[in-house]
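Work through the following exercises with the sequence and the model side by side, and try each task before you read its solution.

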Amino acid sequence: MERSLAGRRRLILYGLLTPVTLFLGVFFLGPLIIMGIFSLLEPGLYGGVVWTFYHWNFGRILGWADGLIEEYDPVYMEIFLRSLELALLTVVLSLVACYPVAFWISRLPGRWKSFFLFLITLPFFASLIVRLYAWVMILKPSGALNQVLQFFGLIDVPLEIIFTEKAVITGMVYVMVPFMFLPIYASVEKLDKSLLEASHDLGATRTQTFLRVILPLTLPGIVGGSIIVFIPSLGNFIVPEVLGGAKVMMVGNLVEQQFLYARNWPFGAALAMMIMATVLLFMMVYVTLVLRRDDDDKSVTV
Amino acid sequence: MTATASPMASAAPARRIGFLAKKGRWGWRALTLYGVVFFLFIYAPLIVIIVYSFNANPVNMMIWSGFTFDWYLSILGFSSDYFGSYATTDAVYVDSTEELIAAVENSLIVALTTTTVSTCIGTATAIALARYRFRARPFYRILMFMPMIMPDIVLGIGLLIFFVTAGFKLGLGTIIIGHCTFLGSYVFIVVQARLAGMDRSLEEASADLGANEWVTLRKIVLPQLAPGIVGGALLAFIISMDDLVITYFIAGVNSTTLPLFIFSMLRRGVKPEINAIATLLVLFSLVVASIGLYLRRRR
Amino acid sequence: MTQMAQDGALVRLESAVKRFRTPEGGSVTALDHVDLTVGQNEFVTLLGPSGCGKTTLLRCVSGFEDLDSGTLQIAGRPMAGVPAHRRPVNTVFQNYALFPHMNVAANVGYSLAVAGVGREERRRRVREALALVNLEGLERRKPGQLSGGQQQRVALARATIAKPQILLLDEPLSALDRKLRQNMQLELKYLQNELGISFVFVTHDQEEALTMSDRVVVLDDGRIQQIGTPIEVYHRPANVFVAQFIGESNIFEARVAAVDGDEARFETAEGLSLIGRSDGVSPGEELSILLRPENFELLSDDRELGPDRAAMEVRLVQEVFLGTDYHLIVRTRPGDKTLKVTVRDAHHEGLSGIAPGQPLRLQYSRHRLHPLRG
C-alpha cells in the first residue's frame with residue numbers, strides 16, 4: 001500500500017485542527033445555535049422555557065404581536081434604534097477624535113513618536129471598569145469637572161451630567177478610542193508623503209488634497225476602526241449602567257434585565273439575536289466593500 | 001507641554017513636508033495643541049483616581065481634606081484602629097480583605113489557565129492554516145474571526161443558556177471555557193502574523209537534515225515563533241484579567257473575579273477604598289503592559 | 001569521472017510528472033514525463049531558463065514535493081511516500097536557509113544533533129566540516145554576522161557533514177558577485193571531488209553549467225531537451241533550444257540539397273549554400289543549421305580556403321573590439337541574414353581599413369556546422 005506524502009500531511013493537519021474544531025464547535029457555535037433556538041421558544045411561567053415553537057418574542061419587538069399571546073411594545077424597537085444611534089455616534093465621535101491625533105503622531109520625529117504611541121496604548125491595559133468608574137468621579141455633581149468649573153466661576157450650580165446620555169456617550173467614546181486609534185494610525189503611517197507633495201504640485205488646495213488623496217487612502221483604516229468600535233458599542237451595557245444609571249437604557253441593558261431579573265430568557269435571546277443580526281449585516285457589508293485579500297501563500301496542498 | 005513644541009518645531013522644519021508645510025507653523029501648532037488636549041483627555045480619569053486615592057476624606061471623597069495611605073492599608077488588611085486614622089466603619093466595607101484576595105486569586109487562576117489553553121489552540125490553528133492548504137481553510141479563517149466580532153453580550157448569554165441547558169455548574173471552569181472561546185482567536189491573529197513573515201525554507205532545511213515534523217516544530221518553528229506566541233499569550237492574559245461582560249453572565253455565585261468585584265462595589269455604592277484598589281490595578285496593568293511592549297521592542 | 005554506471009545509478013527518475021494549480025484556476029505542468037539518472041561521484045547540472053522545471057525536479061528528489069506520476073528511486077530504494085527527512089539526500093538552498101537563532105556550529109551540526117550524535121563527536125565533526133570549507137574558527141558566529149560567501153559555505157558544510165550520497169544544490173551561487181562566484185565554482189568542484197558524493201546542481205547560468213559539470217541536463221518547459229557532457233551540449237546540441245540557450249548561435253532554416261557520404265550540402269531559406277557534416281540527414285529533409293560565431297574566420301583575399309573550410313560572403317555591419325576578440329555583426333550576401341561572428345585578434349590585419357558596409361569573406365569549419373532537428 002502506498003502511503004503518499006499528502007496522506008502524511010493530512011494526518012498532521014487533522015492533529016493540529018482537532019482541538020480548535022472541537023472546542024469552538026462545541027463552546028462557540030453551540031451557544032450561538034442554542035441562543036437562536038431559545039429565541040424561538042416559549043418562556044415558562046416562572047422562568048425556564050417551554051419547548052414549543054414560539055415566534056412571539058420577535059413579535060413583541062418587531063410588531064406582529066397582537067395582544068392575544070404577547071403584546072407588541074414599540075419601546076423595544078425604540079431602544080434598539082436608539083442603541084444603534086448611540087453606537088454610530090460613538091463611531092463618528094471617536095473617529096473625529098482620533099484622526100487628527102494619528103496625523104500628529106505620524107509626523108513626530110522618531111523617539112517622540114514611539115513615546116506617544118506607547119502612551120496612547122497604555123491606558124488600554126488598565127481595567128475598563130476602573131476607567132469607567134473614574135468618569136463617575138469626574139462627572140458626578142460633586143465630581144472633579146464640576147469642582148473645576150465652579151472653581152473658575154464658570155458655573156454656580158453643579159452640572160447634572162452623570163446619568164444622562166451625554167455621560168454615556170463620553171464614556172463610550174473614551175472606552176473606544178484605543179480601538180479606533182490603532183487601525184487609523186496604521187493607515188496614516190502607510191500614507192506615502194510624496195503623494196501629498198504630488199497633489200500640491202498639481203495645484204490642489206489643502207482641502208482638496210484631504211478629500212481626494214488622504215481620505216480615500218486612509219479609508220481602510222477608517223472602515224476597520226469603525227467596525228471594531230461599532231460592534232462592542234451596540235451591545236454595550238456596562239457603560240450605560242455605570243454612567244447612565246437607570247435613566248439611559250440601551251439594548252444591552254434590556255438583555256441583561258431579561259436574563260437576570262425578568263427571567264424571560266427567550267425574549268432576552270430574541271433581543272440578542274437582533275444585535276447579532278445587525279453586527280453580521282455590517283460585517284457582510286464590510287467584507288463585500290473592502291476585503292480584497294492577497295494570500296501570501298507559503299502553504300502546501302493536502 | 002508647549003515647551004516641547006519649540007524644540008520639535010526648530011529641530012527639523014523640513015520634516016513637515018507637503019501637506020502641513022504649506023500650513024506652516026500654525027497648522028503644526030494647532031495639531032500639537034489638539035494632540036496634547038487629547039492625551040489629557042485620555043489620562044485625566046486615571047490621574048483623578050490616583051490623586052483621590054490619597055484623599056483623607058472618608059465621607060465625601062471628592063473633597064480634599066488631607067493626604068493619607070489609609071485606604072491602601074485598609075484594603076491590604078490592616079485595621080484602621082491600628083493607625084488611628086480617618087477611616088471609620090462607615091467608610092470601610094472591604095472588611096473582609098478575603099473577598100478582595102479571593103477575587104484576585106480567581107482572576108489569576110482563570111487568566112493563567114485561559115492563557116495556556118488559548119495559546120495552545122491559537123498557535124496550533126495558526127500553524128495549520130498557514131502551512132497547509134485545504135478546502136475547508138476559508139471556513140476556518142471565518143471561524144477564527146467570528147469570536148472577535150461577536151459582541152460580548154451575545155457570547156455571554158449564549159454561553160449562559162448553553163451551560164445551563166447542558167447542565168454545567170457555573171463556576172471558574174465555565175469562566176475559563178468562556179474566555180478561551182474568544183481568546184484563542186486573539187492568539188491566532190498574533191501568531192499568524194508572525195508566521196506569515198517566517199521563512200518557510202528553514203522548515204524545509206530542517207526536514208532535509210533529518211528532522212521529522214515534531215523535531216522541526218520544537219527546534220525551528222517554535223523558537224522563531226516565540227515573540228509572536230509570547231505576544232499573543234500576554235494579550236490573552238490581559239484581556240482575560242479584565243473581562244467583565246462575559247464573565248458577568250457565566251460566573252457562578254462563588255467565583256467572583258476582580259472586575260466583577262469592582263463592578264459590584266460600584267453598584268453597592270462608591271466608597272473610598274475603590275480608589276486605592278483602582279490605583280493598584282492600574283499600576284499592575286501598566287507594569288504588565290510595559291513589560292509586554294518592552295519585549296516587543298527587543299525583537 | 002564520467003562513468004555513468006546505469007546499474008549502480010544513485011538516482012533514478014522515470015517518467016516523472018508534476019502539475020501545479022495556478023491562482024487563476026488552471027494547471028501548469030512543471031515536469032512532463034522526465035527521465036533522469038544520476039550515477040556515483042558525478043557532478044550533474046540541471047540547466048534551463050526560469051520556470052523550466054529544474055527547481056521542481058530538485059524538490060521532487062529531495063522530498064518537498066510529491067510526484068503526480070512516475071517513479072523515483074534513490075540508492076535503489078523507491079521514494080514514493082517517503083518524507084523528506086527520511087531520504088538520503090541533503091540540500092543547499094538558494095537563500096542558504098541558515099537557522100538564524102542558532103550559531104554556525106549548531107547549524108552545521110544540526111543533522112548530527114537530530115540523529116542523536118553525542119556532543120563531543122559533534123564538535124569534532126563540525127570542526128572538520130568547517131575546515132573543509134575554509135571557515136575554521138567561526139563556530140560561535142550567528143548567520144546574521146556572516147558575509148554572503150561565508151553563509152554559503154556554512155550551508156555547504158551543514159549539508160555535507162553527514163556525508164550523504166547525494167547533494168542537491170538549488171542555484172546556490174546566484175546571490176554572489178561575479179568574482180566570488182567564480183571562486184566558489186572552483187571550490188565546489190574541488191569539494192565534490194574530495195567528498196566523492198554526487199552533486200545535482202541547478203542553475204540558469206550556462207557558463208556555470210559548462211564549467212563545473214560532468215553532465216549537463218538541459219530543461220525547458222518541463223521537458224528534458226538534452227543530456228550530455230558539456231562538450232556534447234555545446235558542440236552537438238540536440239535542438240534549436242539547446243543551441244540557442246548555450247553559447248552564442250547563428251541558426252539557419254534550411255533544406256538538405258544533397259548528401260555525399262559524410263558531408264551534405266544545405267540550401268538555406270535565404271538562398272545560401274552551406275556545407276557541413278551530414279550526421280545522418282536525408283535529401284529533402286527540412287531542418288535547422290547551427291554555426292557558432294567562433295566557428296568563423298576571416299578570409300583575406302590573398303589567402304586560400306583552409307582544409308575542411310567553406311567560404312561565405314558577407315557585408316560588415318558593425319564591429320566591436322573586446323580585447324581578445326572582435327565581435328562582428330555581418331549580413332550575408334545573398335540573403336541579408338544577420339550573423340554574429342567572433343574573430344580572434346590575430347586576424348585583425350584582415351580587418352584594418354574595413355568600414356561598415358564593406359564586403360568581407362569568411363570561412364567556416366565544415367566540421368563545426370551542426371544540423372539540428374527540432
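Helices and strands are here the runs that DSSP assigns, helices with at least four residues and strands with at least two, and they are numbered from the N terminus. Please keep in mind throughout that this is a predicted model.

**Exercise 1. Find where C:P334 is placed in chain C, and describe the peptide bond that joins C:R333 and C:P334.**

Solution. Begin with the elements on either side: C:P334 sits in the loop that runs between β17 (325-332) and β18 (338-344) of chain C. Then look at the bond itself, where the peptide between C:R333 and C:P334 is cis, with omega at about 0°.

**Exercise 2. Decide whether C:K163 and C:D308 are exposed or partly exposed, and state in which loops they are found.**

Solution. Take C:K163 to start with, which is found in the loop between α5 (148-160) and β7 (166-170) of chain C. Its phi is near 45°, a positive value in a residue other than glycine. Next, apply the cut-off, by which a residue with 12 or fewer other C-beta atoms within 10 Å is exposed. C:K163 has 12 C-beta neighbours inside 10 Å and therefore counts as exposed.

Now turn to C:D308, which lies in the loop between β15 (296-298) and β16 (309-321) of chain C, and whose phi is positive as well, near 60°. With 14 other C-beta atoms within 10 Å, C:D308 is partly exposed.

**Exercise 3. Work out the order of the strands in the open four-stranded sheet of chain C, and explain why one side of β2 and of β5 has no neighbour in the sheet.**

Solution. The first step is to read the order, which is β2-β1-β4-β5 in chain C, with antiparallel pairing. The second step is to look at the ends of that order: β2 (27-38) and β5 (77-78) stand at the edges and have a single partner strand each, so one side of each is left without a neighbour in the sheet. As a third step, follow one pair in detail, since β4 (residues 69-74) of chain C and β5(C) are joined by two bridges in the antiparallel sense, and C:I74 stands opposite C:R77 in β5(C).

**Exercise 4. Describe how β1 and β2 of chain A are joined, and say how many residues of β2(A) are buried.**

Solution. Start with the pairing: β1 (residues 41-43) of chain A runs antiparallel to β2(A), and three bridges join them. One of the partnerships links A:E42 with A:V50 in β2(A). Move on to the turn, because the two strands form a hairpin with five residues between them, and A:G47 in that turn has a positive phi of about 90°. Finally, check the cover of β2 (residues 49-53) of chain A, where zero of the five residues are buried, and the strand is hardly covered.

**Exercise 5. Classify the packing of α3(A) against α7(A), and that of α1(A) against α7(B), as oblique or roughly perpendicular.**

Solution. For the pair within chain A, α3 (residues 74-106) and α7 (residues 165-190) pack at an angle of about 45°, with axes 7 Å apart. These helices are therefore oblique to each other, and α3(A) passes α7(A) in a right-handed crossing. The residues of their contact comprise 20 nonpolar, three polar and one charged.

For the pair between chains, α1 (residues 5-38) of chain A and α7 (residues 152-166) of chain B pack at about 85°, and their axes are 8 Å apart. That makes α1(A) and α7(B) roughly perpendicular. Among the residues that make this contact are A:G30 and A:F38 of α1(A), together with B:L155 and B:T165 of α7(B). By class, the contact holds ten nonpolar, three polar and no charged residues.

**Exercise 6. State how many residues each chain gives to the contact of chain B with chain A, and to that of chain C with chain B.**

Solution. Where chains B and A meet, 76 residues come from chain B and 77 residues from chain A. Helix α2 (residues 18-52) of chain B gives the most to the chain B side, with 19 residues, and that side has 56 nonpolar, ten polar and ten charged residues.

Where chain C meets chain B, 15 residues of chain C are in contact with 15 residues of chain B. On the chain C side, β6 (89-92) and α3 (110-115) each supply at least two residues, and α3(C) gives the most, with four residues. This side of chain C divides into eight nonpolar, seven polar and no charged residues.

Definitions and conventions
Residues numbered from 1 in each chain as written. Chains lettered and ligands numbered in written order. Predicted model: local features only at pLDDT ≥ 70, side-chain atom pairs only at ≥ 80, totals over all residues. Pairing = 2+ DSSP bridges. Contact = placed C-beta atoms within 7 Å. Nonpolar A, V, L, I, M, F, W, Y, C, P; charged D, E, K, R; others polar. Buried ≥ 20, exposed ≤ 12 C-beta atoms within 10 Å, placed from the backbone. Axes fitted to C-alpha atoms, helices over the stretch in contact; angles between N-to-C directions. Parallel < 35°, antiparallel > 145°, perpendicular 65-115°, else oblique. Left-handed = near helix turned anticlockwise from the far one by under 90°.
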